[in-house]
Amino acid sequence: MTMRKGNRAYQGLKEQKLLLAILLIGMAILVVPYLARVISGDTALVGEQSYLHARMAEYAVRGISQDDLLDGGRTFSYTTYHYVLGLRGKLLGIEKASMVLPAVLGVLSLFFAYLLLKRLGVDGKTRFLILLPLVLSPAFIYTYTVSNPHAFAIMLTLLGFLCFADDERHIRILGAVAFCLAAFSQPFNAALIIGLLLIYTITTTMRKNEAIIIIAILVLIVAIHHPASFATRYETIPGDVMREIISDLGGKIGFGVFYSILTIIGFFASWKQKSLHVGVYVAVAALLASYPLLGNAASMYLNFFAAYFVGIGLVRLQSTRWEFIVIRNLTFLIIICGLLFSSISYLDRLSHAPVTKEMGDGLGWLAEHSLGDETVLSHPSYGYAIEYLAGRKVMLDSLFSSIPDAERRRLDMDTLFYTVNLEEAEGILDRYDIEYILIDKAMKEQLVWEEPDQGLLYLLPGSETFKNVYANDEVEIWKVG
Amino acid sequence: MQSKQKIYCLLALVFAFSLGVRLYFAFQSPTFTGGDAYFTIRQVEHIRQTGLPIFEDALSYGGRTYIFPPLFQYVLAFFNLFLPITIVGKLIPNIIASSIVFIVYLIAENITKNRTSAFFASVLAAFIPIYMSATTNTVSSYALVLPLMAYLVYCFLRIEEERYVYRYLGVLLIMILTHHSVVLWLLSLIVYLILIRLEGLPKNRKETEVIMFSIFFFVWLQVVIFKKLFLFHGPEVIWQNIPSSILANYFTSTSILTMITQIGTIPLLYGMYAISRYLFAIKDRKISLFIGFAFTVGLLLWFKLVQPSLGLMILGIVMTVLFSLFHQRTFDYIRKTRFERYRNIFFGVFLVTITSTSLVPALYHTKESVHSSVSSETMAALGWLQENTDDDTVILSSPPEGHLITSVAQRKDVVDTNYLLIAGIDQRYDDVKGIYTAHYETRAVKLLNKYGVNYLLFTPVTRREYGIEALRFIDNARCFKHVFGVNGTDIYRSLCKI
C-alpha cells in the first residue's frame, strides 16, 4: 500500500516536471522572435495584424468604433481580446502588451491543453508527445507570437472544455463563462464551441442538458453581438493554399513537413480505434471546410487537433517492434531534427518578418513629414503598420471585410501598380487623394512587381508628378506632386 | 555458359565493349553536348581550385544563387586533380555509366536465379538508346544516378541481410547528395507497399522500416538543402521555374513510339508483357517492386511531372530487368517443346532482334547526340569574347548557350537553362526571344538596354531555337557592329542607348 502510494507520488512528481518542462520550452520558444529582434536593435511588433489589433485595442478601451485611418472610413467590430489587450496596454503600454499577452496566452493554452488531455484519459507519455511537437509547430509559434484575437479564443475554448469536463458544478459554470467570452470573439468561435460540445455530448452521452443551455446562450450571444460577418479575416489570403499550409514552403501559419507526415501517420494509426476518434475526425473535417471562410487562421485551430495525431503517430512509431535498431534510432533522430529544423527555420523567418527596422524608420519619417489627413499608397499588407506607426490614412489594408468597396479599391490598386499610362495613374491617385507612395524591397521582389521597371516603377523616376522624398536600404517614399 | 567465372568474363567484355563504344563516340568531338555539360565543367574546375562549388555566381543571369546537390561534381573534381578536364568529362561519366552492366546483372540474377537471362538483361541495359545518348558526351549526373539507383534497388532486394541495410543507407545518402531523382525511387516504394497490400502479400517489417526511414531521411535532407528554393518557389518548385512558354515543350508528352525508340523494342514489349502477367496472374514480391517502379515513372511521365529523358532512362532499366524474366520463361518453354531442336535458330533470331532494336538505335541516337555538340565555330566565338571583352561584359545568347557564355567565355549571360531562384523568368525569357525576333531596331535596343547587353551571340542554335534565319533589326552600323563571324556564327556589339 505504502509502495503504491510512493509510486503514485513519484508519478505525480514526474508529471509535474513534465508539465513544467513543456511550459518552459513553450515560453522559451515564444520569446525567441522578439528576443532576436531586440538583439538586432529592432523593437517593432512581429506580424502584419499586430498593428491592427494594437490600434483596435486602443480604440476599444477609449470607446471609439469609427476608424478614420482608412480612406473613406469604416466601423470596427471588437472582440474580447481587444478589450483585454487594451486594458493591459494601460499598464504596460500597448506595444509591450502586444508582445507579452500572446506569449502568456500561449503558455496558458499549453497548460489547459495538458490538463484537458489528462482529464480525457490520455496517458502521460502521449500527452508529452502531443504537446512537445505542438510547442515546436510553426502554427503555434505564430498564434502566440503575433498578437491576434484567435489566441485568446483558443485559450478560452480550452479552458471552457477543461471546466466543462469537471465534476464540480461551479467549475462547469466557470467553463460556460469561458465559452461565452470566446463566443464574443467571432461567430465562428461560437460555432466551433457548439460543434465541439455536440461532439462531446454525443460521444460521451454526458451533461446533455448543460450543453443545451450553453449552446442556447452562445446562439443568443451571436444573434445579439454579431449580426453580420461569420468570420473576420485579418490578413490577406494567399491564392496558393498548399504553400500556405506547409510552413517549409513559405506558409505564414502552416505546419512543418515532418509535422504533416506525422499527422498522417497518426491519423492512420488512430483509424484502428475510429469509434473513439470520430469526434476528432469531424472537428478536423469541419475546420478544413472552414478554410475558405477563415483563411489561414483556421490552421491555428487545426493545429491542436493535428498535434493530437502527431502524438499518436509518435507513440505508434515508438511502440512498434523494430527489426533494425539502427534504423529505428536514425528514424527518431531524423524526426527530432526535422521538427526542430522547421521550428528554427520558422523562428528565424518570423524574427525577420515585416515590419522591419527600415520600414519602421520610413514610417517614422512619414509621420513627421506628412500631414495628418494625407493618404498613403502601399501594398495592403503594410496598411496596418502605416495606420499605426505613421498614423496616416491608407487606400487599402488587409481588413477587406470592413471596407464596403474593397473589391473596387483592389482593382484600382492593381491598375495603379501595373499601369505605364501616367494619365491613368494620376486619375486613380486623384480619386483616392493619395499624397505619398511607399515602396519597399519586398514589393519590388515579387510581392507586387517582378521587373525593375514594371508598371508604376517605370513611371516614378521618369515623371515630374512624383518626387522621391525618402529612401533607406529597403524603403523609398515618393511624394505625389 | 552457366559457370560463374565465364559469366563474369563475359560481363567484363560487355562492359569493355560498352565503354569502348561510348568513348569512341565521345572522342569524336572535342567539345561536349549541351550547355549543362559546361555548367558541370565550370563547377568541377571551381571545386578543384577552391574546394567548393559556385553557389553565388556573379556571371549567370548577371548574378544569382545556385542550389544543387554537388556530389557528382566533387567526384569529377577528384579525377580532375590528375587528368585534364576534357578527359575527365569524357572518360569518368562513361566508365560509371557502363557499370550499369554489372548492377543490372546482379538484380536480374537475384530475381530470375538464371545467369543467362541475367546476362542478356545486362547486355540490353548497356545499350538502352536514351541512356547511352544522354550520358555519353554530356557530362551528365545521370551517368552516376542511374547505376546508383539500380544498386539501391539491388540492396533493397537483399534487405533481409544486414550488410545490405548499411549499403542501402550509404547509397541512399550518396544519391540524395547527387540528384533529386531519388524521389522517384521513394514514390515507387510507396506504390510497392500499396501493391503488396492489394495483392494480399504478407508485410515485411524490415522493408517497411527501411522505406519509412528512406522517406524521412530524404524529406529532411531536401528541406535542409533546398530550404531557400522551397521558400522562393513554393510547391511550384516541381516545375523548376521553367518559363511557361517552354514548359509545354520541356515536359513533352511521351508517346509509345518515343518509348519504343528510346528504350528499345524488345525490353519494352517484354517488360510490358511481364508486368501484365505478374500483375494479374502471378503474385511475386520482388516483381511487384519493379511493377511499382514502372507504374510510378509511367504515371509521372503521363502527367508531365518528370523530365522525359530521366523517366525513360529509369523505365528502360526497369523494363530490361523485367525482360530477363520473360527471356528465362521463353527459353525454358522452348526447351520443353518439340521446337527444342530449333533452339539455336530462336537464339539467332533473338540476337538479331536485340541488335536491330536496341544496339542500332542506341548507336544512332548517340551519334546524333555527339553531332549536336558545341560547334568549333561557337567555341571560336566564345574564345574571341573571352579575349576581346571586359570582365563585366554582358553577352546575350539563347538559353541553351547561356552556360557556354559563363563557362567558356567567362562573361555574364542574360539567361541560361538553370531557371531556379530567378524572379520574373517569364518576362526575361520573352524579352530575350523578343530581341532575337525583333523586326525593329528600337524594340531590340530598348530590350538590350534593359539587361545592359554589350554583345549578341548569334549561332545556328539560336536560329533553330527561335526559328529565324537572320537578325532583322541589324541593318544599322551605328547601333550594331559586326565584330566576329565564322560559318553562320556571329557576334554583334550593341552600341546604342535609348
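Two strands are taken to pair if DSSP finds at least two bridges between them. In the predicted model described here, strand E6 (residues 466–471) of chain A meets this criterion with strand E7 (residues 475–480) of chain A, to which it is joined by five bridges in an antiparallel arrangement. Within this pair, Tyr470(A) stands opposite Ile477(A) of E7(A). Three residues lie between E6(A) and E7(A), and the two strands form a hairpin.

The hairpin belongs to an open sheet of chain A that contains five strands in the order E4-E3-E5-E7-E6, with mixed pairing. Strand E4 (393–394) and E6 of chain A are the edge strands, each of them pairing on one side only. Elsewhere in the sheet, three bridges connect strand E3 (residues 375–377) of chain A with strand E5 (residues 434–440) of chain A, and these two strands run parallel. Val376(A) has Tyr436(A) as its bridge partner in E5(A).

Chain B was examined with respect to its overall dimensions and surface. The secondary structure of chain B comprises 23 helices and seven strands. The radius of gyration of chain B is 25 Å, close to the 23 Å given by the globule rule for 498 residues, and chain B is therefore as compact as a globular protein of that length. Along the principal axes, the C-alpha atoms of chain B fill a box of roughly 85 × 50 × 45 Å. Buried residues make up 57% of the 498 residues of chain B. Of the contacts in chain B between residues at least 6 apart in sequence, 72% link residues at least 24 apart.

The exposed area of chain B is about 21,000 Å², of which carbon and sulfur atoms supply 61%. Chain B carries 44 positive and 32 negative charges, and the mean positions of the two sets are 9 Å apart.

At the level of single residues, Pro243(B) is located in the loop between helix H12 (227–233) and helix H13 (244–250) of chain B. The relative accessible area of Pro243(B) is 0%, and this residue is therefore classed as buried, a term that applies under 20%. Leaving aside residues up to four places away in sequence, Pro243(B) touches Tyr419(B), Ile425(B), Asp426(B) and Tyr429(B). A separation of 8.5 Å was computed between the C-alpha atoms of Pro243(B) and Gln427(B), which are 184 residues apart along the chain.

Methods
Residues numbered from 1 in each chain as written. Chains lettered and ligands numbered in written order. Predicted model: local features only at pLDDT ≥ 70, side-chain atom pairs only at ≥ 80, totals over all residues. Heavy atoms only, no water. Helix = DSSP H or I, 4+ residues; strand = E, 2+ residues; numbered from the N terminus. Rg over C-alpha atoms; globule rule 2.2 N^0.38 Å. Buried < 20%, exposed > 50% of the residue type's maximum accessible area, 1.4 Å probe, protein only. Contact = heavy atoms within 4.5 Å. Areas by Shrake-Rupley, 256 points an atom, 1.4 Å probe, with all protein chains shown as cover. Lys, Arg positive; Asp, Glu negative; His and termini not counted. Charge placed at Lys NZ, Arg CZ, Asp CG, Glu CD.
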